[in-house]
Amino acid sequence: MPSSTSSRARRALVLGLTGLLAAGGLATASGTAQAAGGTLGAAAAEKGRYFGTAVAANHLGEAQYAATLDTEFTSVTPENEMKWDAVEPSRGSFTFSAADQIFDHAQSRGMKVRGHTLVWHSQLPGWVGGLGASDLRTAMNNHINQVMGHYKGKIHSWDVVNEAFQDGSSGARRSSPFQDKLGNGFIEEAFRTARAADPAAKLCYNDYNTDGINAKSNAVYNMVKDFKARGVPIDCVGFQSHFNSASPVPSDYQANLQRFADLGVDVQITELDIEGSGSSQATSYGNVVKACLAVTRCTGITVWGITDKYSWRSSGTPLLFDSNYAKKPAYTAVLTALGGSSGGGGTPDGATCTATYSKQEEWSDRFNGKVTITAGSSPITGWSTTVTVTSPQKIVTTWNGSPTWDSSGNVMTMRPNGNGTLAAGASTSFGFTVMKNGNSTAPAIGACTAS
Ligand code: XIL
């Protein structure tokens with residue numbers, strides 16, 4: 001800072017302009033560029049897979065929820081917002097606002113979207129069950145056409161039919177309006193309609209209690225085998241993978257995924273959550289990830305929520321982040337199994353960062369600069385870098401950082417102002433205004449030092 005200005009006067013100037021600039025939206029933290037392997041999504045990507053989560057539209061406005069989503073995940077599944085009762089509550093009237101909110105959030109950040117779900121006995125509005133067979137067939141196909149058409153070409157995979165088989169040893173189909181009125185053929189019909197509605201989407205059958213080799217998964221297996229033999233379009237099978245002590249990760253989980261893959265379909269882990277805590281939960285999570293990685297056609301994993309706070313089975317604390325968004329041992333186990341490396345416990349060992357400059361607004365007498373600080377593959381708790389201007393330029397104000405100055409007033413060292421803690425690969429930024437005094441040269445940015 002020019003030595004001619006008292007520090008109190010300068011602080012007043014900085015604070016005043018900080019408010020002004022922040023109000024004008026000029027100073028924004030930005031970026032979610034990830035260091036390789038430092039997050040779930042980045043580590044999974046290195047293995048050629050996505051790592052997704054179920055998302056609820058009504059939580060997207062919560063900063064930590066959105067930040068954790070944006071930092072860690074590369075795919076989303078709307079938890080409820082694309083279900084029949086949400087999008088077609090009364091016959092022929094479709095509402096996509098909540099679903100679109102999730103879709104838009106994901107798409108604008110380059111995340112994949114899994115569509116969930118088109119034909120399911122649950123969360124089905126009452127009017128559907130009241131229809132006669134021929135009307136029901138028309139309504140089912142119309143529902144598929146409208147919903148898939150709304151997102152045509154933009155959905156990675158659709159759960160076309162969900163949970164159509166009974167639990168237990170019968171291997172029978174579950175009773176539902178579709179099954180009871182249209183018979184076994186409704187599943188095939190739904191898949192054929194879906195293929196025509198959006199040929200770009202992968203079409204999945206999705207179910208639970210099919211994670212190991214048992215009567216229910218055998219029944220699904222036989223259906224998929226039959227579909228492949230007869231050319232009924234199906235691309236993937238989803239294994240929900242809701243586990244707890246009564247229903248633990250089966251020892252033949254990998255073998256089961258593999259036998260489906262061998263039928264010529266992709267397999268996806270679609271709704272993973274494992275009740276428990278500590279190292280036993282972590283071990284189970286790690287085993288699921290290892291099983292997927294061992295099956296070439298296991299193309300991705302979706303956990304059924306971000307934080308235990310909002311899990312549908314919240315009391316079982318089944319997710320990777322606790323209620324305060326702290327990473328649990330299960331998180332570290334998943335990241336490690338994926339071959340990633342942030343040290344989920346948050347140790348600063350190996351802390352690194354980068355600093356990149358971009359010019360913002362420019363006027364005849366001055367310009368604004370922005371420096372984006374991005375943590376490397378470990379989380380960091382502090383950073384510093386330098387900004388050097390060319391005399392007679394002067395930096396006259398700053399925001400989102402705590403500056404100190406060398407004696408010439410040309411070299412500013414910037415440290416955090418409440419924005420020192422960054423997750424692996426996460427970014428923040430600070431800004432400043434340079435008076436040109438006749439010289440428009442861009443400032444030089446020094447190396448970023450992290451702690
Ligand atoms: C659950 C949601 O998580 C809850 O919010 C909702 O109340 C009920 O449905 N199988 C599925 C998911 O395919 O759609 C279900 O999601 C969980 C079981």
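**Note on the predicted model: strands, a helix pair and two residues**

1. Thr 386 stands opposite Thr 413 in S15. The model is predicted, and this pair is a good place to start reading it. Thr 386 falls within strand S12, residues 383–388, and S15 covers residues 411–415. S12 and S15 pair in the antiparallel sense, over four bridges.

2. S15 has another partner. Strand S14, residues 402–405, also pairs with S15 in the antiparallel sense, again over four bridges. Ser 402 has Arg 415 in S15 as its bridge partner.

3. What joins S14 and S15? The two strands form a hairpin, with five residues between them. Gly 409 sits in the turn and has a positive phi of about 80 degrees. For checking side chains here, recall that in a regular strand they alternate between the two faces of the sheet.

4. Next, the helix pair. Two packed helices are described by the angle between their axes and the distance between the axes. For H9 (residues 185–197) and H10 (residues 215–230), the axes come within 12 Å and cross at roughly 50 degrees. H9 is therefore oblique to H10. The reasoning is short: 65 to 115 degrees would count as roughly perpendicular and under 35 as roughly parallel, so an angle of roughly 50 is oblique. The crossing is right-handed.

5. Which residues make the contact between H9 and H10? H9 contributes Ile 187, Glu 188, Phe 191 and Arg 192. H10 contributes Met 223, Phe 227 and Arg 230. By class, the contact has four nonpolar, no polar and three charged residues.

6. Thr 68 is in helix H3, residues 63–72. Is Thr 68 buried or exposed? Thr 68 is buried, because its relative accessible area is 11% and the cut-off for buried is under 20%. Neighbours within four places in sequence aside, Thr 68 is in contact with Phe 73, Ile 306, Phe 321 and Tyr 325.

7. Ala 326 lies in a loop, between strand S9 (298–303) and helix H13 (329–337). Its relative accessible area is 34%, so Ala 326 is partly exposed. Not counting residues up to four places away in sequence, Ala 326 touches Leu 320 and Phe 321. Phe 321 is also among the contacts of Thr 68.

8. One distance for Ala 326 can be checked directly. Its C-alpha atom and that of Thr 53 are separated by 16 Å. Along the chain, Ala 326 and Thr 53 are 273 residues apart.

Note on methods
Residues are numbered from 1 along each chain as its sequence is written. This is a predicted model: local features need pLDDT of at least 70, side-chain atom pairs count only at pLDDT 80 or more; totals for chains, interfaces and linings use all residues. Side-chain values use heavy atoms; hydrogens and water are left out. Buried means under 20% relative accessible area, exposed over 50%, partly exposed in between (1.4 Å probe, protein chains only). Contact means heavy atoms within 4.5 Å. Two strands pair if DSSP finds at least two bridges between them. Axes are lines fitted to C-alpha atoms, for helices over the stretch in contact, and angles run from 0 to 180 degrees between N-to-C directions. Angles under 35 degrees count as roughly parallel, over 145 as roughly antiparallel, 65 to 115 as roughly perpendicular and the rest as oblique. A crossing is left-handed if the near helix is turned anticlockwise from the far one by less than a right angle, and right-handed if clockwise. Ala, Val, Leu, Ile, Met, Phe, Trp, Tyr, Cys and Pro count as nonpolar, Asp, Glu, Lys and Arg as charged, and the others, Gly among them, as polar.
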